[in-house]
Each structure stands twice: as structure tokens, then as C-alpha cells.
Amino acid sequence: MKYMFQKTLLAMPLLIFISCSNNNNEIKTPVYNEVGQFFYNEFMQCKTGTDYTLDSSKAMMEEWRALGPSKDLLGAWLYQPASEENRSQDGFWELQWTSKESADMAWQEWLTNEEAQAWGDKYNNVLQCDGDNRSPWTFVFPYDPEKFGAFDSSGYFAAAFSPCNFNEGKTNEDLKLSTAFYSTWLDTLDKNIGTYAYGLYVPAFADSPVDFWFGNFHENFQTMSDGNILWEESGGQAKASLESTASCEAPDLYDSQVVYDPSEPNFS
């Protein structure tokens, strides 16, 4: 996912392919998997250190959660490369916020927190993440991420990220139509095919080499493979529409892990 790490000059786009009006004037606290809700997501590039193991990484995240993440942090995930063909063999830490303003404020507080700095020093040889050059994206779930059931209670899932660019003459309106076709196709599938969700990441910075990233989140790599075969065999109108709208490169594959979900006691 090297394209996710260009110098971050904020240019938050106005997305029009999802409608998300609220007619009752009720102010809601968003949750990270709310359909049609736009979120401010940041990616940090991470390198494993000499002391990295699954156990040391788990201990690191447990102590991070114990520090008390910001109330404006809606979710956090770690990604470790699962393919030698990925564009980068580094890992990533994704943070999801209610807004850019809340993220900036939380980072300011973090950088002046002595306990946070001590935590970073303690685990410097486990995982080093580049917070200074974090990459901002506007994220949305166009389709119910729980339609195919809940992900494993361990927090593990398999992720595939594809960089996409609009074909000549195509716009967000075409993407809106294509995702509608895709959602209709998903509705036809057997709900026992394995847990699945997808989301779109649009750059919130200037001069991005990609128009958006298409993120597919599967129960595991076997269900991902099965789903890809099903898509090739029966995608039909949805597949034709998406391929007409944008050209997407081969995905980067990651072993993925929930590290923070404020709604789940196991991750809070």
C-alpha cells in the first residue's frame, strides 16, 4: 500500500456516491461500522523490530488500550503482509476517528503524555509506526458490514486492498451506481459463504496517485479465495459496471487484527 503514504496535504473531498442524511435532527455518536457514515481514517506505516512476536505485539496493544484511547477513536486495526507480492512488506496501523479535528486534538494530547511516551520507548523494538507521516483517508461502508455475520471473536480477519482509478469520463456518480449493483449482487449470495464486508477509502490529501482504495475484509483467506471465484463466475452486471467505472490493480493481502473496538469488551 505504498500509495497510502504520500506527504499529507489535507484536501478532504466531498463524496457523493453515498447519501447519508439524518432527518430527525438527533445527534448520534457514530460507530465504526455505520453504513453510509463518513469517517476520518489514518494509516501509519509500521516496521517490526527485533523483539517482535505475536505475544509481544499482543502485550503492546493491551498496554496501549490500558492507557485509555480518546473517546473520538472509533476503531483501530493492525495489518501484517500476507503476500510477497504486496507493494510493501511493511505493516500498517489504521485508526478511525469521528473527524480530522478530533484526531489532531488526540494526537496533540498523546505527544505530551508521559505515559504514552514511556509505552512507545518500552515497545520500540517490537513495532515502530510512523505517526509523523500518517496518511489520511475518508472511509465509508456502502453496504452493511454485518450482513454476512460477525467476524471472529479473536478479532482476526483477512484483508485485501486494491488501488483504483476512474476510467476516462467516469465519476463518483458512476461509482455510486456500480456500488448499488454490487450491493444487489451481494444480496443474492448465501449468507453462509463466510463473513465479509467492504469499504472505500478516498484520499484526504492532495496529489494522490489513486482515486480510491477498495478494501475487502473476509473471514479468512480461504473464504476470500472462494468469494473471488464466485465473483468471477456470477458477478454479471455488477462486475461489468465496476470494471467499466474504474481500473483496480491487484490487491495487497494482509493478516489483519482488531486492536480496538469501543463496543467490544475484548478490545477495550
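Start by selecting Ala76 and Tyr260: Tyr260, in strand β10, is the bridge partner of Ala76. You are looking at a predicted model, so keep the confidence colouring at hand as you go.

Now widen the selection to the strands around that pair. Strand β2 covers residues 73–81 and strand β10 covers residues 252–260. Between these two, 6 bridges hold an antiparallel pairing.

Stay on β10 and add residues 156–166, which form strand β6. This pairing is antiparallel too, with 6 bridges joining β6 to β10. For a landmark here, pick Ala159 and look across to Tyr254, its bridge partner in β10. While you have side chains switched on, keep in mind that in a regular strand they alternate between the two faces of the sheet.

Next, move to the helices. Select residues 221–234 for helix α5 and residues 236–245 for helix α6. How do their axes meet? They come within 7 Å and cross at roughly 95°. Because angles of 65 to 115 degrees count as roughly perpendicular, α5 is roughly perpendicular to α6.

Show the side chains at this crossing. From α5, the contact uses Trp231, Glu232 and Ser234; from α6, Gly236, Ala238, Lys239 and Leu242 take part. Sorted by class, the contact has 3 nonpolar, 2 polar and 2 charged residues.

Finally, colour the chain by pLDDT. The mean is 88, and 87% of the residues reach 70 or more. Where should you be cautious? Select residues 5–27, where pLDDT stays under 50. For that stretch the model has 52 contacts beyond four places in sequence.

How values were computed:
Residues are numbered from 1 along each chain as its sequence is written. This is a predicted model: local features need pLDDT of at least 70, side-chain atom pairs count only at pLDDT 80 or more; totals for chains, interfaces and linings use all residues. Side-chain values use heavy atoms; hydrogens and water are left out. Two strands pair if DSSP finds at least two bridges between them. Helices (H or I, at least four residues) and strands (E, at least two) are DSSP runs, numbered from the N terminus. Axes are lines fitted to C-alpha atoms, for helices over the stretch in contact, and angles run from 0 to 180 degrees between N-to-C directions. Angles under 35 degrees count as roughly parallel, over 145 as roughly antiparallel, 65 to 115 as roughly perpendicular and the rest as oblique. Contact means heavy atoms within 4.5 Å. Ala, Val, Leu, Ile, Met, Phe, Trp, Tyr, Cys and Pro count as nonpolar, Asp, Glu, Lys and Arg as charged, and the others, Gly among them, as polar. pLDDT is the predictor's confidence in each residue, from 0 to 100.
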